[in-house]
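Please open the model in your viewer and keep the sequence panel visible. The tour below proceeds by selection, stop by stop.

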Amino acid sequence: MEPLIGVPRARMAALRARMVLWTLPIVADELRRRPGQAIGIWRRFRRMYRTANMMAALTKPMKLGDGCIKMSVYVPHWPSKAIESRARRALRNDFVPPEQVTLAITDECPYRCRHCSNARGRREPLPLPRLIDLVKEIQDLGASWLNIGGGEPSVVFDRALATVKAADERSETWLNTIGFGLDPDKIKRLKDAGLFGGRVSIHSCDPNAHDEFVGYPGAFNIAVRTIESFRKQDMFVILSAAIPESAITEEATLGFMKLGRDIGAGFVEIIPIRPAGRAVIGCTHAELKGHHVKEDIFRRLNDDPDLLDYPAASSPAYLETPDRFGCVAGSERLYISASGDVQPCPLVNLAVGNVMDEPLETIWKRLHGFIPSPRAQRLCSQLGPLMDEQVRKSPGAFDILPLPPSQSNEILVKMATCDLPKVWSL
Ligand code: SF4
């Protein structure tokens, strides 16, 4: 098995130098192609450099085998075609295209997670030919990070395989899974089709607590076996835990890192539960409330030389703050449901169009009109009370989600304009 290990702090300067040297020919090429934009390209390059340094200071780059380094869950590995095309877009444009796209391919799932953002029940999925075309549309828009999810994508394995096959190397392609029904042979077939890695959900280090949270006995063991199987195929694995923001402590993070080390995860991603989907009424007000998560926890754990063989720990709880990346819903991030509804984020249950009615690019341009850039305020949290009200007054509760375009557009128009988070200023 190829080793998956953290890059020590002492080697960071050398790694940074190699990455800058790799970027320079791309910058030179962009300058040659667009000489009239030289100042803009230079300023965007400085922004890129600043951002990469900020990320590197908080995380631990993870190295898989000899040549693949991953700095962040949501940024493609280096070097790769996906990171190169992302870098070129970042040098060319001030606005942010949808680099992180989650594409649901089914609403089916055997679990009943208390916080599930896709709680709306089963709808008719996109016909396979439309799904395959859509993958190309997604890649043409940007999408250097393509996350195939659901429901649970592995319960429609042939559809998952066809979706992975449809994506080319412009995207780093992930399967967002609970592992249900996946076996080593299926994982190998996904790898051969071009899948980069598995993002596997485990929401507690206590097997019973996890099983209870997802409503399925044995779910913890299924997830653990799945992570181990991905690693045996020399693939990258993320252990993805959704917990209340108040529970993101040093002790809890270290617990997930220990579990991740024992089973082979490269990253531990701790996602704060936000007011979307079933969480709106399935979780308590205190669980959905934002807290100040100290990034020092992550810096310390990722820097600790004694934890070099542990996975890197990361959380949107400190990345989505106004002094960092802010909320990238609808700017850098996009979600498409299994039936084709386009939302700004998996955790914002507003549909701005459906890909059965219009090309994705048309919907994206409309969304870009509502949300032209990343936001200092979190859209999901701003919309939380409204979602709560809508869901509670509906007899079918979650069946109304996502809200249809007529309602969604009205809500988005009213959203107060927002400051630009620090990272995005030129
Ligand atoms: S709406 Fe914004 S803050 Fe909330 S999860 Fe999505 S990107 Fe993050």
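**Stop 1: the ligand shell**

Select the ligand and the 13 residues around it; Cys327, Ala329, Cys345, Arg378 and Cys380 come nearest. A residue is near a molecule or strand here if its C-beta atom, placed from the backbone, lies within 6 Å of it. Colouring the shell by residue class gives 9 nonpolar, no polar and 4 charged residues. In that scheme Ala, Val, Leu, Ile, Met, Phe, Trp, Tyr, Cys and Pro count as nonpolar, Asp, Glu, Lys and Arg as charged, and the others, Gly among them, as polar.

Two conventions apply throughout. Residues are numbered from 1 along each chain as its sequence is written. The model is predicted: local features need pLDDT of at least 70 and side-chain atom pairs count only at pLDDT 80 or more, while totals for chains, interfaces and linings use all residues.

**Stop 2: the sheet**

Switch to a cartoon view. Helices (H or I, at least four residues) and strands (E, at least two) are DSSP runs, numbered from the N terminus. An open sheet of 9 strands runs in the order E10-E9-E8-E7-E6-E5-E4-E11-E12, with mixed pairing. Its edge strands, E10 (312-314) and E12, each pair on one side only. Two strands pair if DSSP finds at least two bridges between them. Strands of a sheet pair through backbone hydrogen bonds, either parallel or antiparallel.

**Stop 3: strand E5 and its partners**

Select residues 145-149, strand E5. 5 of the 5 residues of E5 are buried, so the strand is largely enclosed by the rest of the structure. A residue is buried if 20 or more other C-beta atoms lie within 10 Å of its own, exposed if 12 or fewer, and partly exposed in between, with C-beta atoms placed from the backbone. In a regular strand the side chains alternate between the two faces of the sheet. On one side of E5 are Trp145, Asn147 and Gly149, on the other Leu146 and Ile148, and all of these are buried.

Add strand E4 (residues 100-104), which pairs with E5 in the parallel sense over 5 bridges. Threonine 102 stands opposite asparagine 147 in E5. From E4 the chain passes through helix H4 (residues 128-141) to E5, in a right-handed β-α-β crossover. Right-handed signifies that, with the strands pointing away from the viewer, the path from the first strand over the helix to the second runs clockwise.

Next add strand E6 (residues 172-177), which is parallel to E5 and joined to it by 4 bridges. Leucine 146 has threonine 173 in E6 as its bridge partner. The chain reaches E6 from E5 through helix H5 (residues 157-166), and this β-α-β crossover is also right-handed.

**Stop 4: from E6 to E8**

Keep E6 selected: 6 of its 6 residues are buried. Glu172, Trp174 and Asn176 point one way, and Thr173, Leu175 and Thr177 the other. E6 and E7 (197-201) pair in the parallel sense over 4 bridges, and tryptophan 174 has glycine 197 as its bridge partner in E7. The connection from E6 to E7 passes through H6 as a right-handed β-α-β crossover. Farther along, 5 bridges join E7 to E8, which run parallel; serine 201 is there partnered by serine 240 in E8.

**Stop 5: helix H8 and the residue after it**

Select residues 219-232. Helix H8 has 14 residues and reaches 20 Å from its first C-alpha to its last, close to the 20 Å expected at 1.5 Å a residue; the expected span is 1.5 Å times one less than the number of residues. Because 10 of its 14 residues are buried, H8 is largely enclosed by the rest of the structure.

Move to aspartate 234, in the loop between H8 and E8. Its phi is positive, about 60°, although it is not a glycine. Aspartate 234 counts as partly exposed, with 14 C-beta neighbours inside 10 Å.

**Stop 6: backbone exceptions and a last loop**

Most residues other than glycine have a negative phi, and most peptide bonds are trans. Cis peptide bonds join tryptophan 78 to proline 79, with omega about -10°, and leucine 401 to proline 402, with omega about -10°. In the loop between H15 and H16, also select alanine 397, whose phi is near 40°.

Finish at methionine 356, in the loop between strand E12 (342-343) and helix H14 (360-370). Its C-alpha lies 6.4 Å from that of glycine 340, 16 residues away along the chain.

How values were computed
Two residues are in contact if their C-beta atoms, placed from the backbone, lie within 7 Å.
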